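Thank you all for coming; I would like to take a few minutes to walk through one structure with you. Please have a look at it first, and then I will go through it part by part.

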Amino acid sequence: MYSAKEAANITGLSTATLRYYEKENLLPQIARNSQKYRQYTDEDIEWIKMIQCMRMANIPIHSIKDYVSLLIQGGETLEQRFVMVQNHMEDIKKQMICLQNAFDLTHKKLLFYEKLLADSSYKEMSYSEEWKLFNHGEN
C-alpha cells in the first residue's frame, strides 16, 4: 500500500491530480486507512498509469470517464471499448503525423540557423530577408 505522496512520487503526478482523478471517477474506489488517508495499491498505480497514458494521447477527460465507466461494467462492454480504443488509435496516428511535420519543420529551421551562424555575413539580414531565404533559399 502506498500513501498519496508515495503514489504521487511513483506516478509523477501531484497529490492534487490524484484527488482530481478520484473526484472525477477516473479511478476505482481508493482504500482509506483508519485515519482516513488514501492508500493506493499496485493495481491503483497501474490504473493511474493507464489514465496518464490516455491523457498523454490527448484523450479528453470525458472520454476517459466514458471508457472507465464501460471498463467497470465488465465484459458486456468489450465491443464498445474496442471501438473507443480503435478511434483513439486513429486520433493518435493523426497527432503523430502533425508532430512529425512540426519536428521536420523545426529541424529544418535548426539546420538553417546553424548555416547562418557559420557565416557572419548574415548578421545584417532583416527578418524578411531571412524569411525569404528560409522559405525559398538553398537548404
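How many aromatic pairs does the count come to? The count comes to 3 aromatic pairs, and I should say at once that this is a predicted model, so that everything I describe is computed from predicted positions. One of these pairs is formed by Tyr 20 and Tyr 21, whose rings are 6.3 Å apart from centre to centre and whose planes make an angle of 50 degrees, which is a tilted arrangement. The two partners are not alike in their exposure, because Tyr 20, at 34% relative accessibility, counts as partly exposed, whereas Tyr 21, at 6%, counts as buried.

Another pair is made by Phe 112 and Phe 134, and here the arrangement is edge-to-face, with 5.2 Å between the centres and 70 degrees between the planes. This pair links distant parts of the chain, since Phe 112 belongs to helix 5 and Phe 134 to helix 6, which covers residues 127–136, and the two are 22 residues apart. Are these two rings buried or exposed? Phe 112 has a relative accessibility of 2% and therefore counts as buried, and Phe 134, with a relative accessible area of 4%, is buried as well. Together with Tyr 113, these two phenylalanines form one aromatic cluster.

Staying with Phe 134, I would also point to two lysines. Lys 109 lies over the face of the Phe 134 ring, at 4.1 Å from the ring centre, and Lys 108 also lies over that face, at 5.0 Å from the ring centre.

Let me now step back to the chain as a whole. It contains 6 helices and 2 strands, and if you read along the sequence, the elements follow the pattern α-α-β-β-α-α-α-α. The radius of gyration is 24 Å, while the globule rule gives 14 Å for 139 residues, and because the value is well over that figure, the chain is more spread out than a compact globule. The C-alpha atoms fill a box of roughly 70 × 40 × 20 Å, taken along the principal axes, and 25% of the 139 residues count as buried.

Within helix 5, which runs over residues 78–117, we can pick out Met 84. Met 84 has a relative accessibility of 16%, and because the limit for buried is under 20%, this residue counts as buried. How far apart in space are Met 84 and Lys 109? Their C-alpha atoms are 37 Å apart, with their positions 25 residues apart in sequence.

Next, the largest pocket, which has a volume of about 170 Å³. Its lining includes Met 50, Cys 53, Met 54, Tyr 67, His 88 and Met 89. Which helices each supply at least two residues of that lining? They are helix 3, covering 42–56, and helix 5, and the largest share, 4 residues, comes from helix 5. In terms of character, the lining residues divide into 9 nonpolar and 1 polar, with no charged residue.

I would like to finish with two asparagines in loops, and a little background helps here. Most residues other than glycine have a negative phi. Asn 25, however, has a phi near 60 degrees, a positive value in a residue other than glycine, and Asn 58 has a positive phi of about 65 degrees although it is not a glycine. Where do they sit? Asn 25 lies in the loop between helix 2, residues 15–23, and strand 1, residues 31–32, while Asn 58 is found in the loop between helix 3 and helix 4, the latter spanning 61–73. Asn 25 is exposed, with a relative accessible area of 55%, and Asn 58 is exposed with a relative accessible area of 55%. As a last detail, the C-alpha atoms of Asn 25 and Ile 64 are separated by 9.6 Å, although these residues are 39 residues apart along the chain.

How values were computed:
Residues numbered from 1 in each chain as written. Predicted model: local features only at pLDDT ≥ 70, side-chain atom pairs only at ≥ 80, totals over all residues. Heavy atoms only, no water. 1 Å grid on protein atoms, 1.4 Å probe; cavity = no way out; pocket = protein on both sides within 12 Å on 5 of 7 lines; lining within 4 Å. Points joined across faces, edges and corners; volume = space filled by probe spheres on them. Nonpolar A, V, L, I, M, F, W, Y, C, P; charged D, E, K, R; others polar. Phe/Tyr/Trp six-rings, centres within 6.5 Å; stacked < 30°, edge-to-face > 60°. Buried < 20%, exposed > 50% of the residue type's maximum accessible area, 1.4 Å probe, protein only. Lys NZ or Arg CZ within 6 Å of the ring centre and 35° of its normal. Rg over C-alpha atoms; globule rule 2.2 N^0.38 Å.
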